[in-house]
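Welcome! Here are a few short exercises to work through with the model open beside you. Try each task before you read its solution.

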Amino acid sequence: MQVFTCPFCGPRNETEFHFVAEAGKVRPDTTQPISDAEWATYLHTQRNEKGPVREVWMHTTCAELFVMQRDSVTMAVLGTQALRKDGS
Amino acid sequence: MSKYSMFRLLREGLTGNRGWGQAWRSPTPKAAYDAIVVGGGGHGLATAYYLAKNHGITNVAVIEKGWLGGGNTGRNTTVIRSNYFYPESAALYDFSVRLYEGLSQDLNYNVMFSQRGMLMLAHSEPEMEMAARQCNAMRLNGLDAELLDRDQVRRLAPVLNFRDDARYPVHGGVIQPRGGTGRHDAVAWGYARAADALGIDIIQNCEVLDFITEAGRCVGVTTSLGDIRGGVLGAAVAGHSSVLAQLGGYDLPITSYALQAFVSEPLKPVLDTVVLSPATGTYVSQSDKGGLVIGGGLDRVPSYGQNGNMPVQETVLGGLAEMMPALAKVKLLRHWGGIVDVTPDSSPIIGPSGVEGLYLNCGWGTGGFKAIPAGGYFLAHLMANGAHHEISRPFDLTRFETGMLVDESAASGIPH
Ligand SMILES: Cc1cc2nc3c(=O)[nH]c(=O)nc-3n(C[C@H](O)[C@H](O)[C@H](O)COP(=O)(O)OP(=O)(O)OC[C@H]3O[C@@H](n4cnc5c(N)ncnc54)[C@H](O)[C@@H]3O)c2cc1C
Ligand SMILES: [Zn+2]
């Protein structure tokens, strides 16, 4: 069992967490015309990096989203932060 | 290549097995080849073999960073089947099963393809309806499929859980009789030996570190053993496809996950088919040595670490204990993980990479062992002709842009 740290609840069992997405993907402005290629990139393209990664996870127990830095080879958790900058 | 045969076996047996010789050479790489295949797993080796056999292209190098089949080809649970829902997938995977049916003869290497049947259980009346739908879809796709009721499943696999208090009672299932298992290493080694005999250089312990691009065209690779130029390139590196994409400057819709498998201590024969329970995702077959070969769903966390994850182990092994309570106390001998390349629609990517001169065969996720002959056949076709075979066309990378996904995860409920 691995322990992940929710920025709100503290250290918890990995089974309480759900991987959501790679961090830093920005949804295209859908009020403007978007090419199929741009939309496909947004929907499907993954960096899928080997080594240090930044991802959005959910702690399903408190239902909060947060950012986690991990190493995708060693599986070590390097840090977790709330998504909201003011921490509220 | 000196042919393997009954006569040869007898002769070598009587003369101390000293005359077998090496199955393939270990050449030093040349400076240039007509074609380069990156990745010495089943798909890469099969690609090289079909380049030579079908297209007469023999000045080819297969470049492998480790040893042959040391990736997923040597780590999988060896299930071969084509029980897919969509016509595009059925055509692709059944092409592969048909090649497997003749592969031992074709390669002069026993790949031990045992068509012992692939049974998918149904645990409720609604699941029986879905099983009937699956069975009909398969038949419409020209595949062999039979709908079995509870008694028929019981006759086939009495070791399954038929207790009254079963959490997932067996209502019936769908079987593909032509499905079964093969010997994974033999598939890699058989293709390697046959490709080598046709003049192909198989280069192990040589990692591709970068692509060489000139005027927008990929013309070779930089490796740990130096630069090697190629007229046309193909990549079949499974879980490391995104790492190569980053080097080559193209985008992929792939996420890498660990997939685990388990082998038990050897047992007397208890199961002579492959069984999958969709309720838990656990599937199991019994190897010729008697070990139960057990697999299940993907790990929960994207990963390049070739090891397991406890929560998934619990699900898979709990699933086995539920499916076959009589085997709950069986001990495990080994367990391991491999890194699989998962696409959004659980279908593979075969086609141009977006960089001229570089073609892809990847995205097989948890199910590409069964597809090794087809994957190699179609990547070779692409590299030789610069155009798709009609069976591989639907699996082009452009489907993510056009929206023409082949969504097998949703369609046939197969946990890729
Ligand atoms: C536990 C497990 C169970 C599975 N069970 C089944 C099953 O029952 N049935 C089924 O059909 N499929 C199954 N699969 C999936 C199947 O194993 C794979 O889809 C298939 O083996 C992929 O073959 P490949 O040749 O593309 O990849 P691999 O065999 O992984 O070969 C890719 C090769 O590329 C090499 N490589 C990577 N990067 C580089 C580089 N930079 N330079 C040089 N070489 C490089 C790697 O070393 C590797 O040898 C399973 C997978 C796993 C992990
Ligand atoms: Zn929390």
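**Exercise 1. Find which helix gives the largest share of the lining of the second largest cavity, and describe that cavity.**

Step 1. Helix H9 (residues 310-323) of chain B provides the largest share of this lining, with 3 residues. Keep in mind as you look that the model is predicted.

Step 2. Now turn to the full lining, which includes Gly319(B), Glu322(B) and Met323(B). Also part of the lining are Leu121(B), His123(B), Leu160(B), Asn161(B), Tyr168(B), Val170(B), Ser277(B) and Thr280(B).

Step 3. Sort these residues by class: 5 are nonpolar, 5 polar and 1 charged. The space they line has a volume of about 70 Å³.

**Exercise 2. Work out how many cavities of 30 Å³ or more the structure holds, and explore the largest one.**

Step 1. The structure has 3 cavities of that size. The largest cavity takes up about 100 Å³.

Step 2. Of its 15 lining residues, those closest to the centre are Glu22(A), Asn48(A), Glu49(A), Glu55(A) and Pro302(B).

Step 3. Trace the elements behind the lining: strand E3 (17-22) and strand E4 (52-59) of chain A, together with E12 of chain B, each give two or more residues. The largest share, 3 residues, belongs to E4(A).

Step 4. Count by class, and you get 4 nonpolar, 6 polar and 5 charged residues.

Step 5. For some background on chain A, note that this chain has 1 helix and 6 strands, arranged along the sequence as β-β-β-α-β-β-β. Its C-alpha trace spans about 45 × 30 × 20 Å along the principal axes.

**Exercise 3. Explain why the second largest pocket lies between two domains of chain B.**

Step 1. Begin with the volume of the second largest pocket, about 590 Å³. Its lining has 24 residues, and nearest the centre are Arg183(B), His184(B), Ser287(B), Lys289(B) and Val293(B).

Step 2. Strand E12 (255-264), strand E14 (283-286) and strand E16 (332-342) of chain B each give two or more residues to this lining. E16(B) has the largest share, with 3 residues.

Step 3. Look next at the domains: domain 1 (26-79 + 85-107 + 184-253 + 345-411) and domain 2 (117-178 + 256-342) of chain B both contribute lining residues, so the pocket lies between them.

Step 4. Finish with the classes of the lining, which are 6 nonpolar, 13 polar and 5 charged residues.

**Exercise 4. Describe how the protein surrounds ligand 1.**

Step 1. The shell has 38 residues, with Glu64(B), Asn72(B), Thr73(B), Thr77(B) and Lys370(B) the closest.

Step 2. Check the contacts made by oxygen atoms of ligand 1. In the side chain of Glu64(B), an N or O atom is 2.6 Å from one such oxygen. Backbone N or O atoms also take part: one of Lys370(B) at 2.7 Å, and one of Gly368(B) at 2.9 Å.

Step 3. Consider how covered the ligand is: alone, ligand 1 exposes 1000 Å², and the protein buries 96% of that.

Step 4. Identify the elements that give two or more residues to the shell: helix H2 (42-55), E12 and E16 of chain B. E12(B) supplies the largest share, 3 residues.

Step 5. Domain 1 and domain 2 of chain B each give at least three residues to this shell. By class, the shell has 15 nonpolar, 18 polar and 5 charged residues.

Notes
Residues numbered from 1 in each chain as written. Chains lettered and ligands numbered in written order. Predicted model: local features only at pLDDT ≥ 70, side-chain atom pairs only at ≥ 80, totals over all residues. Heavy atoms only, no water. 1 Å grid on protein atoms, 1.4 Å probe; cavity = no way out; pocket = protein on both sides within 12 Å on 5 of 7 lines; lining within 4 Å. Points joined across faces, edges and corners; volume = space filled by probe spheres on them. Helix = DSSP H or I, 4+ residues; strand = E, 2+ residues; numbered from the N terminus. Nonpolar A, V, L, I, M, F, W, Y, C, P; charged D, E, K, R; others polar. Domains from an automatic or database assignment. Near = heavy atom within 4 Å. Polar contact = N/O pair within 3.5 Å; in protein donor to acceptor, adjacent residues only side chain to side chain. Areas by Shrake-Rupley, 256 points an atom, 1.4 Å probe, with all protein chains shown as cover.
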